[in-house]
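This report describes how the secondary structure elements of one protein are arranged. The sequence and the model are shown first, and the text then goes from overall totals to sheets and helix pairs.

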Amino acid sequence: MNISLTTSTKRATLASMARELGLAASTISFCLSGKAAQYGIKAETVKLVCDHAAKVGYIVNSAARQLRGQSASPVGILFDPKLSAGEMPMNALNHALTELKKRNIEVRVVAAPTWQGTVQLQQLGCRKAIVFSSFAETPGTLEDQAQSLQQYYSAASNIKLYCVNYSFQQSENPIFPNIIRMGINRGLVNQALNDYLLQQNKGGKIMLSTWSKIKTDPQHHIVVNHNINDSTSPFELGKLWAQQYLEASKKERISAIMTGDDRISAGLLTELLKNNVQVPQDVRLISFDNLGFGEFLPVPLTSWCVPLQKHVQIALDNILDNKPIPEKLVSIPDFSWRSSSGFTPDEQQEFINIISKLCKK
């Protein structure tokens, strides 16, 4: 496959972007160096500048920075607050900060959507960065891929990216270079969970979400179309799931629920218990995120998650000590087995063995 990328022959500068956006060059500089808040620059202006910098392919002059005394490039950390919020990502992020600071390495933390954040990291002089959000590399048309590549090169040229929360797909065709991909195949694990539960509970259906990334059919599944949005909290959304379960269970047996979100599970469990539904005796509940509060719910919650701490440590070992690192690592998720799933210790081990074999393929 040959994809041609069109690049501008005239290099973008702070002055040229200032003219094009009608802003002062200093404003452009502050936006791209992470100092906007310090100078009272509005968030929408930062977004405008970062988007434009990515569009025109602005690249920081690293040589000039080194002449100004920055002989060693700082290490970047990027996370999207909307996608990477929560206890597990923050623990892993704090671990990275602690280890880097122990070695007296400068760190630049950027909280922004992936594309905007990589532009900012580039402008901050980072040549390596740990990324908690994920890059979308779903294959499309040649034109779509060419556009995605152009955007990627504009945003992330000259940066080695350690993506510790990469979302592997069932049929994957990565197109972006210079990314270390560490993550889980969430769809594969959900499919394995689905198959295992159906095998154990013959005749019972599984309730799951539209974002489970597995093949569903009316004979075996009830698909919930509710989505998290600004008007409905995840906890309230879980209560809606429970109401849908209560209505559907009048006509058919539902043996398990896979929510894909611990916050939804908390609301779901609260409403089910309120209506005298026993978990896991009447219905099994398996969640995702592995947030700390899960073990303190009225029925302790079985949940699984990306092994972020493990991935961050692998990235740090390479950054700090140049230890070998795989370009692709599909990990076995971290499972916290608790009573909501109803799995016996033998069943837990049997399922982990199944997942281990699948992840090695």
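Of the contacts in the protein with a separation of 6 or more, 70% are between residues 24 or more positions apart; a contact means heavy atoms within 4.5 Å. The model is predicted, so local features need pLDDT of at least 70 and side-chain atom pairs count only at pLDDT 80 or more, while totals for chains, interfaces and linings use all residues. Residues are numbered from 1 along each chain as its sequence is written, and side-chain values use heavy atoms, with hydrogens and water left out.

The protein has twelve helices and twelve strands. These are DSSP runs numbered from the N terminus, with at least four residues of H or I for a helix and at least two of E for a strand. Buried residues make up 48% of the 361 residues. Buried means under 20% relative accessible area, exposed over 50%, and partly exposed in between, with a 1.4 Å probe and protein chains only.

**Sheets**

One open sheet has six strands in the order 2-1-3-4-5-11, and its pairing is parallel. Its edge strands are strand 2 (107-111) and strand 11 (328-330), each of which pairs on one side only. Two strands pair if DSSP finds at least two bridges between them. Neighbouring strands of this sheet are turned by 15° against each other on average, direction ignored. Within the sheet, strand 4 (residues 160-167) and strand 5 (residues 179-184) pair in the parallel sense over five bridges. L161 has I179 in strand 5 as its bridge partner.

Another open sheet of six strands has the order 7-6-8-9-10-12, with mixed pairing. Strand 7 (221-224) and strand 12 (334-336) stand at its edges with a single partner strand each, so one side of each is left without a neighbour in the sheet. Here the average turn between neighbouring strands is 20°, direction ignored.

Strand 6 (residues 205-209) has five of its five residues buried, so it is largely enclosed by the rest of the structure. In a regular strand the side chains alternate between the two faces of the sheet. On one side of strand 6 K205, M207 and S209 are buried, and on the other I206 and L208 are buried, so that both faces are covered. Strand 6 pairs with strand 8 in the parallel sense over four bridges, and L208 stands opposite M258 in strand 8. Strand 6 also pairs with strand 7 in the parallel sense over four bridges, where the bridge partner of L208 is V223.

Towards the other edge, strand 10 (residues 302-305) and strand 12 run antiparallel and are joined by three bridges. S303 of strand 10 stands opposite S336 in strand 12. Helix 10 lies across strand 8 (254-258), strand 9 (284-288) and strand 10, running at about 155° to strand 9.

**Helix pairs**

Two packed helices are described by the angle between their axes and the distance between the axes. Axes are lines fitted to C-alpha atoms, for helices over the stretch in contact, and angles run from 0 to 180 degrees between N-to-C directions.

| Helix pair | Angle | Axis distance |
|---|---|---|
| Helix 9 (residues 234-248) and helix 10 (residues 262-274) | about 45° | 6 Å |
| Helix 8 (residues 186-200) and helix 12 (residues 345-360) | about 140° | 11 Å |
| Helix 2 (residues 25-32) and helix 3 (residues 43-56) | about 85° | 9 Å |

Angles under 35 degrees count as roughly parallel, over 145 as roughly antiparallel, 65 to 115 as roughly perpendicular and the rest as oblique. Helix 9 and helix 10 are therefore oblique to each other, and helix 9 passes helix 10 in a right-handed crossing. A crossing is right-handed if the near helix is turned clockwise from the far one by less than a right angle, and left-handed if anticlockwise. Residues of helix 9 in this contact include P234, F235 and W241, and those of helix 10 include R263, I264 and L272. The contact residues divide into ten nonpolar, four polar and three charged. Ala, Val, Leu, Ile, Met, Phe, Trp, Tyr, Cys and Pro count as nonpolar, Asp, Glu, Lys and Arg as charged, and the others, Gly among them, as polar.

Helix 8 and helix 12 are likewise oblique to each other, and helix 8 passes helix 12 in a right-handed crossing. L188, V189, A192, L193, Y196 and Q200 of helix 8 meet E347, E350, F351, I354, I355 and L358 of helix 12. These residues divide into nine nonpolar, one polar and two charged.

Helix 2 and helix 3 are roughly perpendicular to each other. T27, I28, C31 and L32 of helix 2 make the contact with T45, V46, V49, C50 and A53 of helix 3. Seven of these residues are nonpolar, two are polar and none is charged.
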